[in-house]
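Colleague: I should like to understand the terms used to describe this model. Could you justify them one at a time?

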Amino acid sequence: MRADTVVLDIDGVLVDVADSYRQAIVDSIDNVYGETINKDEIQLFKNAGGFNNDWELTYAAALYVLAVDEGASVSIAAFTDSIHTAGGGLTAAESVTDTLDADTAAIFDRWDPEQLRAVFQALYLGAELYTELEGGEPPIETAGFIHDEPVILSAETRETLTETYNIGVVTGRPRSEALIALERVGLAVDSMYRFTMDDWEHGKPHPHALTTVADRFGSEEVVFVGDTLDDIETAVNAANADPDRSYAGVGVLTGGLTGEEGTAAFIDAGARAVLDSVNNLPSELESP
């Protein structure tokens, strides 16, 4: 692939979040409701689309847990398939829940996104960072899963990419948490070329952030590297919205999608390439 600009997602691409964000999803629901989903079931929500925001994925997964508790006889696979059919994301999850054969009034009465978010942030950030970034006292005292994020991006790959290409970042992380991860991997990206949850109204797979980064760089050929189907769809949508430039989505198998099944899912979504890791990217690229 030819490229003058490489845009990177953070979670599952630069750092491994299996024991941080994904663990926080599972543990937040368990902390608030005393039961939860399995960690590997998180990928079903990711594949349904529209869950680039892990807080919203937590809220949707909590709806499923509450629905089963209130009498719904539906598998999590069927629930997430229905979310996908309904357009993906939290709004779709709410509409699907409302159609279940269960006490939906009780489900929504017990559903508490605000409390789920507070617990999630306390688990993820830990008490010290929670007080600094969220303000106030955390609802629970923890060391913080943020400290359990192994770096995926090697120093060699980082140097090769930054010396050869324009580098941008498009992530669903809040700005403060994105900056912590970028510092950990040693990647400095100017705010002009970095989009986080705080920097744009729409989340992925809306193409605005990706096309804006491309425009600000004056790019002609853009590669966007991500670990979810929404990331690939973002590149596809950017190509449709901005046909004067080339956009290629590259999937990496260091997030929730893995193996032959993950590779096939990425290809079906429109990925130009699927890599074992972002560290395989330089050998796949050709600079102008």
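Modeller: The discussion below concerns a predicted model and takes up the sheet, a helix that crosses it, several polar side chains and the aromatic rings.

Colleague: What makes strand 3 and strand 6 the edges of the sheet?

Modeller: The open sheet has 6 strands in the order 3-2-1-4-5-6, with parallel pairing. Strand 3 and strand 6 (273-275) each have a single partner strand, so one side of each is left without a neighbour in the sheet.

Colleague: How do you know that strand 5 and strand 6 pair?

Modeller: Two strands count as paired if at least two bridges are found between them. Strand 5 and strand 6 have 3 bridges, in the parallel sense, and therefore meet the requirement of at least two. Within this region, Gly251 stands opposite Val274 of strand 6.

Colleague: Which bridges connect strand 4 with strand 1 and with strand 5?

Modeller: Strand 1 and strand 4 are joined in the parallel sense over 4 bridges, and Val223 in strand 4 has Val6 opposite. Strand 4 and strand 5 are also parallel, over 6 bridges, and Phe224 has Gly249 in strand 5 as its bridge partner.

Colleague: Why is strand 4 called largely enclosed?

Modeller: The reason is that 6 of the 6 residues of strand 4 are buried. Both faces are covered: Glu221, Val223 and Val225 are buried on one side, and Val222, Phe224 and Gly226 are buried on the other. In a regular strand, side chains alternate between the two faces of the sheet.

Colleague: What does helix 10 lie across, and against what do its buried residues pack?

Modeller: Helix 10 lies across strand 1, strand 2, strand 3, strand 4 and strand 5, and runs at about 160 degrees to strand 2. Ala209, Leu210, Thr211, Thr212, Val213 and Ala214 are buried in this helix, which spans residues 208-217. The partners of the buried residues of helix 10 include helix 11 (229-241) and strand 4 (221-226). Just after helix 10, Gly218 has a positive phi of about 70 degrees.

Colleague: Why is Arg173 called buried?

Modeller: Buried means under 20% relative accessible area. Arg173 has 1% relative accessibility, so Arg173 counts as buried. Arg173 is found in the loop between strand 2 (166-170) and helix 9 (175-185).

Colleague: How do you know that Arg173 and Asp11 make a polar contact?

Modeller: The distance limit for a polar contact is 3.5 Å between N or O atoms. The polar contact between the side chains of Arg173 and Asp11 is at 2.6 Å. Beyond its neighbours within four places in sequence, Arg173 also touches other residues, including Tyr21, Tyr124 and Glu149.

Colleague: Is Asn52 buried or exposed?

Modeller: Asn52 has 19% relative accessibility, and therefore counts as buried, the cut-off being under 20%. Asn52 is found in the loop between helix 2 (42-48) and helix 3 (54-69). The side chain of Asn52 makes a polar contact with the side chain of Lys204 at 3.5 Å.

Colleague: What makes Asp54 a buried residue, and which side chain does Asp54 join by a polar contact?

Modeller: Asp54, in helix 3, is buried because its relative accessible area is 10%, and buried means under 20%. A polar contact of 2.8 Å joins the side chains of Asp54 and Lys46.

Colleague: Why is the pair of Tyr21 and Phe120 called stacked?

Modeller: This pair belongs to the aromatic pairs of the whole structure, of which a search finds 8. The ring centres of Tyr21 and Phe120 are 6.1 Å apart and the planes are at 25 degrees, so the pair is stacked; the cut-off is under 30 degrees. Tyr21 lies in helix 1 and Phe120 in helix 7, so the pair ties together parts that are 99 residues apart in sequence. Both Tyr21 and Phe120 are buried.

Colleague: What makes the pair of Phe108 and Trp111 edge-to-face?

Modeller: The planes of Phe108 and Trp111 are at 80 degrees, with 5.8 Å from centre to centre; edge-to-face requires over 60 degrees. Phe108 is partly exposed, with a relative accessible area of 26%, whereas Trp111 counts as buried at 14% relative accessibility.

Colleague: How do you know that the charged end of Arg117 sits over the ring of Trp55?

Modeller: The charged end of Arg117 is 4.0 Å from the centre of the Trp55 ring and sits over that ring; the distance limit is 6 Å, and a limit of 35 degrees from the ring normal also applies.

Definitions and conventions
Residues are numbered from 1 along each chain as its sequence is written. Side-chain values use heavy atoms; hydrogens and water are left out. Helices (H or I, at least four residues) and strands (E, at least two) are DSSP runs, numbered from the N terminus. Buried means under 20% relative accessible area, exposed over 50%, partly exposed in between (1.4 Å probe, protein chains only). A polar contact is a pair of N or O atoms within 3.5 Å; within protein, one must be able to donate a hydrogen and the other to accept it, and residues adjacent in sequence count only if both atoms are side-chain atoms. Contact means heavy atoms within 4.5 Å. Axes are lines fitted to C-alpha atoms, for helices over the stretch in contact, and angles run from 0 to 180 degrees between N-to-C directions. Rings of Phe, Tyr and Trp (its six-membered ring) pair if their centres lie within 6.5 Å; planes under 30 degrees apart count as stacked, over 60 as edge-to-face and the rest as tilted.
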